[in-house]
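I sat down with this one to go through its pockets, its core and its salt bridges. My notes follow in the order I looked things up.

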Amino acid sequence: PNIIRNKDLTKPISRVEFASVAVKVYEKLNGTKAIPVANNPFFDTSDVGVMKAFQIGAVNGTSPTTFAPDDLLNREQCAAMLTRVFKRIFLAGWTMDTDSAFKLDFDMPILFADDADISEYARDSVYFMTANGIIKGIGGNMFAPNNSTAAQGAERYANATREQALAIAVRILKVG
């Protein structure tokens with residue numbers, strides 16, 4: 001997407017940047033352009049990529065009225081956003097509001113050693129993505145879902161780089 005064009009791909013990707021990546025994945029898999037939501041629910045961004053990602057159900061905010069566009073994307077957020085894109089395209093009738101009624105069929109992989117650190121909202125997405133080889137662990141049977149401590153945040157333990165996010169996006173295109 002243009003938002004990361006000519007940027008250092010070795011740097012962490014932000015939530016606003018990844019929203020545009022998720023939209024590109026949606027558009028490629030669905031064969032149609034995403035349309036931005038008419039009424040922006042967020043007061044901290046009006047980015048068109050975020051508005052499109054919200055309209056297709058790929059993203060939630062960090063609250064009902066905030067998106068936190070400049071926050072760094074963590075690995076479980078990446079898994080959740082791309083799983084929502086997958087569901088939107090391949091599960092007829094899926095919406096963010098009806099998500100709990102739509103379960104994906106996959107063979108559950110071995111639980112990660114840091115499974116307890118995976119947020120409940122992202123757990124199925126993490127294992128769906130892992131089972132399909134779209135997102136991998138970081139080694140040592142660890143997933144690194146989020147930065148749950150200040151030290152993890154400082155070292156960007158659970159943050160994906162732009163390059164990693166693009167590689168994950170390419171993998172879901174191959175599965176889809």
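**Entry 1: the largest pocket**

How many nonpolar, polar and charged residues does the lining of the largest pocket have? Before answering, I noted that I am working from a predicted model. Sorting the lining by class, I got seven charged residues, five nonpolar and three polar.

I then looked up the volume, and the largest pocket comes out at about 330 Å³. Its lining is made of 15 residues. I checked which of them lie nearest the centre and wrote down K87, D99, K103, Y121 and D124. Helix 3 and helix 4 are the elements that give two or more residues to this lining. Helix 3 has the largest share, with four residues.

**Entry 2: the second largest pocket**

Next I moved to the second largest pocket, which has a volume of about 220 Å³. What lines it? I listed P1, N2, I3 and R5 from the start of the numbering, then S20, V23, K24 and E27, and finally D47, V48, G49 and K52. Two elements, helix 1 and helix 2, each give two or more residues to this lining. The largest share is four residues and belongs to helix 1. By class I found five charged, four nonpolar and three polar residues in the lining.

**Entry 3: the core**

On to the inside. In soluble globular proteins, nonpolar side chains tend to be buried together. Here I found that the largest nonpolar core holds 44 residues. Which of them have the most contacts inside the core? They are F18, L82, V85, M129 and I135.

I also wanted to know where the core residues come from. The elements that supply two or more are helix 1 (15-30), helix 2 (48-56), helix 3 (75-90), helix 4 (123-131) and helix 6 (162-175). Helix 1 gives the largest share, eight residues.

I picked I135 for a closer look. Leaving out its neighbours within four places in sequence, I135 touches R75, C78, A79, M129, T130, F143, I168 and R171. M129, one of these contacts, is also on the list of residues with the most contacts inside the core.

**Entry 4: salt bridges**

I counted seven salt bridges in the model. The pair I looked at first was R162 and E17, with the closest N and O atoms 3.0 Å apart. R162 sits in helix 6 and E17 in helix 1, so to speak from distant parts of the chain, 145 residues apart. Are these two partners buried or exposed? R162 counts as buried because its relative accessibility is 11%, under the 20% cut-off. E17 is buried too, at a relative accessible area of 4%.

Then I turned to K33 and E27, whose closest N and O atoms are 4.0 Å apart. K33 is at 60% relative accessibility, so it counts as exposed, the cut-off being over 50%. E27, at 10%, is buried. E27 had already turned up in my list for the lining of the second largest pocket.

My last pair was D115 and R123, which meet side chain to side chain in a salt bridge at 3.3 Å, N to O. Both D115 and R123 are buried. I closed the page with a network: salt bridges that share partners join K7, E17 and R162.

Notes. Residues are numbered from 1 along each chain as its sequence is written. This is a predicted model: local features need pLDDT of at least 70, side-chain atom pairs count only at pLDDT 80 or more; totals for chains, interfaces and linings use all residues. Side-chain values use heavy atoms; hydrogens and water are left out. A nonpolar core is a set of buried Ala, Val, Leu, Ile, Met, Phe, Trp, Tyr and Cys residues joined through side-chain atoms within 4.5 Å. Buried means under 20% relative accessible area, exposed over 50%, partly exposed in between (1.4 Å probe, protein chains only). Contact means heavy atoms within 4.5 Å. On a 1 Å grid over the protein atoms alone, a cavity is a set of points where a 1.4 Å probe fits but cannot get out, and a pocket is an open set with protein on both sides within 12 Å along at least five of seven lines; lining residues have an atom within 4 Å of a point. Grid points are joined across faces, edges and corners, and a volume is the space filled by probe spheres set on the points. Ala, Val, Leu, Ile, Met, Phe, Trp, Tyr, Cys and Pro count as nonpolar, Asp, Glu, Lys and Arg as charged, and the others, Gly among them, as polar.
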